[in-house]
Amino acid sequence: MAIKTIIEPFRIKTVEPIRKTTRKQREALLEEAGYNLFLVPAEYILIDLLTDSGTNAMSTEQWAAMMRGDESYAGSPSFTRFRDAVQSIFGFRHVIPTHQGRAAERILFTVMCKKGDVVPNNTHFDTTRANCEFVGAEAVDLPVPEALAPASPHPFKGNLDTARLRELIARVGRERIPLVMLTLTNNSGGGQPVSMANIREVKQICREQGIPLYLDACRFAENAYFIKLREPGYAHKTPREIAREMFSYADGCTMSAKKDGLANIGGFLCTNDDALAQQEKDLLILTEGFPTYGGLAGRDLEAIAVGLNEALDEEYLHYRIVSTAYLGEHIAREGVPIVQPPGGHAIYIDARAFLPHIPPSQFPGVALAAELYREGGVRSVEIGTLMFGEHATMDLVRLAIPRRVYTQSHIDYVVEVVLEVWNRREQVRGLELTYQAPFLRHFTARFRPAEAAGPAGPASAS
Ligand SMILES: *Cc1c(COP(=O)(O)O)cnc(C)c1O
């Protein structure tokens with residue numbers, strides 16, 4: 001009989017201690033942070049599932065490559081290695097390094113969009129929406145209906161609704177749509193993948209209308225692996241072959257190397273359009289840096305070049321997808337409502353279903369995230385009413401798994417914390433906003449326990 005146990009496909013060479021706190025300390029920290037976990041200092045977090053962004057553990061090969069980093073201002077060979085690595089997977093003519101994904105978004109929208117334009121996407125990520133709206137364009141989300149039903153186990157809930165895309169183009173006119181975007185995987189919609197068939201169909205519509213298609217490629221490797229697992233005809237292809245096919249339908253992409261670049265910082269913007277690339281490089285020089293480094297150190301470019309290839313390793317991707325699902329399955333089988341099926345980089349708890357006594361206006365996702373911290377020092381993040389305001393159709397709590405960082409026993413601990421809160425869910429209270437910034441308010445918002453929601457006593461009771 002073949003061995004069935006799935007193990008982490010790496011061993012640990014450097015350790016970083018994590019610190020326990022008492023419940024009393026955590027309650028004081030919560031109050032001090034206005035119940036916003038972005039405002040809790042990281043040394044008081046035991047298991048940090050706030051984000052999978054830039055929290056990756058780098059490999060020995062990445063650290064070795066960093067020593068080779070050439071810090072020349074112009075024409076660094078580190079840039080050449082970075083560009084070649086990107087091109088061998090993504091295939092685009094122009095590769096423009098940026099300090100993170102949002103810098104690529106800002107440059108893309110500044111060059112391609114103007115006031116009154118409309119940008120369709122399966123679901124805009126928060127920084128994507130903010131950058132689009134900042135130049136006066138309208139960010140329109142067109143997810144398939146299954147994406148809005150957390151319990152529906154559709155295999156490609158990240159798909160864009162192509163009927164609604166056709167309808168939108170007919171209604172607003174092709175001239176007002178400078179580009180269509182697809183976010184792979186759909187982060188704000190549960191980390192759900194987009195199928196190759198959907199990418200192809202969206203491309204077909206774009207081709208008919210003469211509209212460029214751009215991919216938000218942050219989790220391209222996880223998306224490619226889901227296609228391999230779930231889409232007929234792809235089981236025998238490698239993740240690299242699948243990724244190359246995905247990108248072959250696009251005119252360019254934005255990328256955060258803090259996700260499937262397996263790096264701690266970095267991003268890039270790609271395009272096949274020579275004229276656009278020139279304008280983009282001009283803007284890059286204004287705020288990011290010279291086109292052969294774009295706000296990154298040479299060593300960062302090296303780490304990304306190696307990381308992009310490691311992210312396509314099949315054994316790594318298998319471990320990645322299976323270990324994320326492990327968390328989802330262990331809480332779902334006790335009744336915790338999660339977005340099904342489990343996403344690639346995170347498990348999303350449906351906070352409206354978890355806390356039905358807390359209305360969306362009292363931020364059930366923020367309340368649940370605060371409660372998971374109070375219970376066990378676990379940090380997660382709300383993706384819902386706080387993040388998207390009136391655009392929110394769900395209130396989710398995302399437990400994002402940093403790549404190659406936590407072991408199975410860490411995740412077993414997280415399962416126990418979630419189930420403890422599940423067992424006393426009626427006592428969790430809603431929250432009231434006391435401060436918000438004019439945009440991207442979730443990073444700095446502050447709260448206090450709501451006056452009259454829920455049957456429970458004061459927030460410190462538990
Ligand atoms: C993280 C992310 C971005 C933005 O990238 P940053 O590196 O954080 O600026 C854009 N889109 C998606 C889908 C993301 O997950």
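Start with the largest cavity, which holds about 110 Å³ of space in this predicted model. The count comes to 2 cavities of 30 Å³ or more, and the tour visits both.

To display the wall of the largest cavity, select Y35, N36, L37, F38, L50, V366, A369, S380, V381, E382, L386 and H442. Two elements each give two or more residues to this lining: α14 (364–376) and β11 (381–383). Colour the selection by class, and the lining of the largest cavity divides into 8 nonpolar residues, 3 polar and 1 charged.

Next, pick out S380, one of the residues in that lining. S380 sits in the loop between β10 (378–379) and β11. Is S380 buried or exposed? Its relative accessible area is 2%, and S380 counts as buried because this lies under the 20% cut-off.

Keep S380 selected and show what surrounds it. Leaving aside neighbours within four places in sequence, S380 is in contact with L37, L49, L50, A369, L372, V397, R398 and L399. Among these contacts are L37, L50 and A369, which also line the largest cavity.

Now move to the second largest cavity, where about 40 Å³ of space lies. Which residues line the second largest cavity? Select F125, T183, N187, D216, C218, R219 and K259. By class, this lining has 2 nonpolar, 2 polar and 3 charged residues. For the charged part, select D216, R219 and K259; for the nonpolar part, F125 and C218; for the polar part, T183 and N187.

Methods:
Residues numbered from 1 in each chain as written. Predicted model: local features only at pLDDT ≥ 70, side-chain atom pairs only at ≥ 80, totals over all residues. Heavy atoms only, no water. 1 Å grid on protein atoms, 1.4 Å probe; cavity = no way out; pocket = protein on both sides within 12 Å on 5 of 7 lines; lining within 4 Å. Points joined across faces, edges and corners; volume = space filled by probe spheres on them. Helix = DSSP H or I, 4+ residues; strand = E, 2+ residues; numbered from the N terminus. Buried < 20%, exposed > 50% of the residue type's maximum accessible area, 1.4 Å probe, protein only. Contact = heavy atoms within 4.5 Å.
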